[in-house]
Amino acid sequence: MKRVPAIIPCPCGLPAAYAACCGRWHHGVLHLQAPNAQTLMRSRYSAYVLDELDYVLQTWHPDTRPDTLEPNEPGTRWLGLDVRRYSQTDADHAMVEFVARVRVQGRATRLHEISQFVRVDGRWLYLNASA
(Lines give C-alpha, C1' and ligand atoms only; values in the text may rest on other atoms or scores of the structure.)
Protein backbone atom coordinates (compact mmCIF):
# COMPACT_ATOMS: atom_id res chain seq x y z
CA MET A 1 0.00 0.00 0.00
CA LYS A 2 1.34 3.40 -0.91
CA ARG A 3 0.24 6.54 0.88
CA VAL A 4 -1.14 9.18 -1.46
CA PRO A 5 -0.93 12.91 -0.72
CA ALA A 6 -4.36 13.95 0.49
CA ILE A 7 -4.52 17.00 -1.76
CA ILE A 8 -4.18 15.24 -5.13
CA PRO A 9 -7.31 15.07 -7.31
CA CYS A 10 -9.25 11.87 -6.75
CA PRO A 11 -8.59 9.26 -9.45
CA CYS A 12 -12.32 8.44 -9.67
CA GLY A 13 -12.91 11.66 -11.61
CA LEU A 14 -15.17 13.49 -9.18
CA PRO A 15 -14.13 17.11 -8.53
CA ALA A 16 -12.66 16.55 -5.07
CA ALA A 17 -9.31 15.87 -3.47
CA TYR A 18 -8.48 12.23 -2.86
CA ALA A 19 -8.75 12.57 0.95
CA ALA A 20 -12.25 14.07 0.74
CA CYS A 21 -13.40 11.55 -1.86
CA CYS A 22 -12.26 7.93 -2.18
CA GLY A 23 -9.44 8.28 0.33
CA ARG A 24 -11.94 8.44 3.20
CA TRP A 25 -13.23 4.97 2.28
CA HIS A 26 -9.70 3.57 1.83
CA HIS A 27 -8.35 4.74 5.22
CA GLY A 28 -9.43 6.22 8.53
CA VAL A 29 -12.68 6.21 10.46
CA LEU A 30 -14.88 5.68 7.35
CA HIS A 31 -12.74 2.78 6.06
CA LEU A 32 -14.95 0.31 4.10
CA GLN A 33 -18.10 2.39 4.74
CA ALA A 34 -19.02 3.60 1.24
CA PRO A 35 -22.67 4.69 1.52
CA ASN A 36 -23.86 3.20 -1.79
CA ALA A 37 -22.74 0.92 -4.62
CA GLN A 38 -21.74 3.74 -6.98
CA THR A 39 -19.47 5.27 -4.34
CA LEU A 40 -18.00 1.84 -3.63
CA MET A 41 -17.38 1.24 -7.35
CA ARG A 42 -15.63 4.61 -7.69
CA SER A 43 -13.52 3.89 -4.60
CA ARG A 44 -12.57 0.48 -6.00
CA TYR A 45 -11.49 2.11 -9.28
CA SER A 46 -9.33 4.55 -7.30
CA ALA A 47 -7.93 1.63 -5.30
CA TYR A 48 -6.91 -0.14 -8.53
CA VAL A 49 -5.28 3.07 -9.79
CA LEU A 50 -3.34 3.47 -6.52
CA ASP A 51 -2.59 -0.24 -5.97
CA GLU A 52 -4.66 -0.27 -2.77
CA LEU A 53 -5.26 -3.97 -3.40
CA ASP A 54 -6.15 -4.83 0.21
CA TYR A 55 -9.10 -2.43 -0.10
CA VAL A 56 -10.21 -4.03 -3.37
CA LEU A 57 -10.15 -7.48 -1.76
CA GLN A 58 -11.90 -6.28 1.40
CA THR A 59 -14.75 -4.84 -0.68
CA TRP A 60 -15.20 -8.01 -2.75
CA HIS A 61 -17.89 -10.49 -1.69
CA PRO A 62 -16.22 -13.58 -0.15
CA ASP A 63 -18.14 -15.95 -2.46
CA THR A 64 -16.54 -14.45 -5.59
CA ARG A 65 -13.32 -12.86 -4.27
CA PRO A 66 -9.97 -14.10 -5.64
CA ASP A 67 -7.22 -15.05 -3.21
CA THR A 68 -4.84 -12.36 -4.45
CA LEU A 69 -4.53 -9.52 -6.95
CA GLU A 70 -1.49 -8.43 -8.90
CA PRO A 71 -0.34 -4.80 -8.67
CA ASN A 72 -0.27 -2.61 -11.74
CA GLU A 73 2.48 -3.41 -14.20
CA PRO A 74 5.26 -0.81 -14.29
CA GLY A 75 4.24 2.01 -16.62
CA THR A 76 0.50 1.36 -16.28
CA ARG A 77 -1.44 4.58 -16.64
CA TRP A 78 -5.11 4.76 -15.72
CA LEU A 79 -6.82 7.24 -18.03
CA GLY A 80 -10.26 7.72 -16.55
CA LEU A 81 -13.60 6.41 -15.38
CA ASP A 82 -17.01 6.99 -16.93
CA VAL A 83 -20.02 5.84 -14.92
CA ARG A 84 -22.75 5.11 -17.45
CA ARG A 85 -25.60 3.86 -15.25
CA TYR A 86 -26.37 3.26 -11.60
CA SER A 87 -29.49 1.67 -10.19
CA GLN A 88 -30.40 0.30 -6.81
CA THR A 89 -32.94 -2.51 -7.21
CA ASP A 90 -33.73 -2.75 -3.49
CA ALA A 91 -32.15 -1.83 -0.15
CA ASP A 92 -29.36 -4.40 -0.55
CA HIS A 93 -28.79 -4.84 -4.31
CA ALA A 94 -27.45 -2.44 -6.95
CA MET A 95 -25.88 -2.29 -10.39
CA VAL A 96 -23.23 0.06 -11.79
CA GLU A 97 -22.30 0.17 -15.46
CA PHE A 98 -18.99 1.88 -16.22
CA VAL A 99 -16.12 2.19 -18.64
CA ALA A 100 -12.57 2.41 -17.28
CA ARG A 101 -9.72 3.33 -19.57
CA VAL A 102 -6.14 2.20 -18.98
CA ARG A 103 -2.87 2.15 -20.91
CA VAL A 104 -0.55 -0.81 -20.26
CA GLN A 105 2.81 -1.02 -22.04
CA GLY A 106 1.67 1.70 -24.43
CA ARG A 107 -1.55 -0.07 -25.40
CA ALA A 108 -4.86 1.60 -24.50
CA THR A 109 -7.69 -0.62 -23.29
CA ARG A 110 -11.29 0.03 -22.30
CA LEU A 111 -12.94 -2.08 -19.63
CA HIS A 112 -16.72 -1.91 -20.03
CA GLU A 113 -18.46 -3.65 -17.17
CA ILE A 114 -21.87 -4.03 -15.59
CA SER A 115 -21.12 -4.75 -11.94
CA GLN A 116 -23.47 -6.20 -9.35
CA PHE A 117 -23.22 -5.12 -5.71
CA VAL A 118 -24.82 -6.44 -2.55
CA ARG A 119 -25.01 -4.99 0.95
CA VAL A 120 -24.03 -7.45 3.69
CA ASP A 121 -24.16 -6.46 7.36
CA GLY A 122 -24.51 -2.81 6.35
CA ARG A 123 -21.47 -2.79 4.00
CA TRP A 124 -21.63 -2.65 0.20
CA LEU A 125 -19.59 -5.35 -1.55
CA TYR A 126 -18.75 -6.02 -5.17
CA LEU A 127 -20.32 -9.35 -6.20
CA ASN A 128 -19.63 -9.96 -9.90
CA ALA A 129 -19.72 -8.43 -13.34
CA SER A 130 -20.62 -8.96 -16.94
CA ALA A 131 -19.06 -7.25 -19.92
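I will go through the sheet, the helix on it, and two loop residues with positive phi.

This is a predicted model. Start with the sheet. Four strands form an open sheet in the order β1-β2-β3-β4, and the pairing is antiparallel. β1 and β4, the latter covering 123-130, are the edge strands, each pairing on one side only. On average, neighbouring strands here are turned by 25° against each other, direction ignored. α2 packs on this sheet and touches β1, β2, β3 and β4. The direction of α2 makes about 160° with that of β1.

Now the strand pairs. β1, residues 77-90, and β2, residues 93-104, are joined by 11 bridges. These two strands form a hairpin, with 2 residues between them. If you want a register check, Y86 has V96 in β2 as its bridge partner. Between β2 and β3 there are 12 bridges, and that pair is antiparallel too. There, V99 stands opposite H112 in β3.

Next, backbone torsions. Most residues other than glycine have a negative phi. Two residues here go the other way. D51 has a phi near 60° and is not a glycine. D51 lies in the loop between α2, 37-49, and α3, 53-58. Is D51 buried or exposed? Neither label fits: D51 is partly exposed, because its relative accessible area is 22%, and buried means under 20%.

The second case is Q105, also not a glycine, with a positive phi of about 50°. Q105 is in the loop between β2 and β3, where β3 spans 107-120. Q105 counts as exposed because its relative accessibility is 67%, and the cut-off for exposed is over 50%.

That is the end of my part.

How values were computed: Residues are numbered from 1 along each chain as its sequence is written. This is a predicted model: local features need pLDDT of at least 70, side-chain atom pairs count only at pLDDT 80 or more; totals for chains, interfaces and linings use all residues. Side-chain values use heavy atoms; hydrogens and water are left out. Two strands pair if DSSP finds at least two bridges between them. Buried means under 20% relative accessible area, exposed over 50%, partly exposed in between (1.4 Å probe, protein chains only). Axes are lines fitted to C-alpha atoms, for helices over the stretch in contact, and angles run from 0 to 180 degrees between N-to-C directions. Contact means heavy atoms within 4.5 Å.
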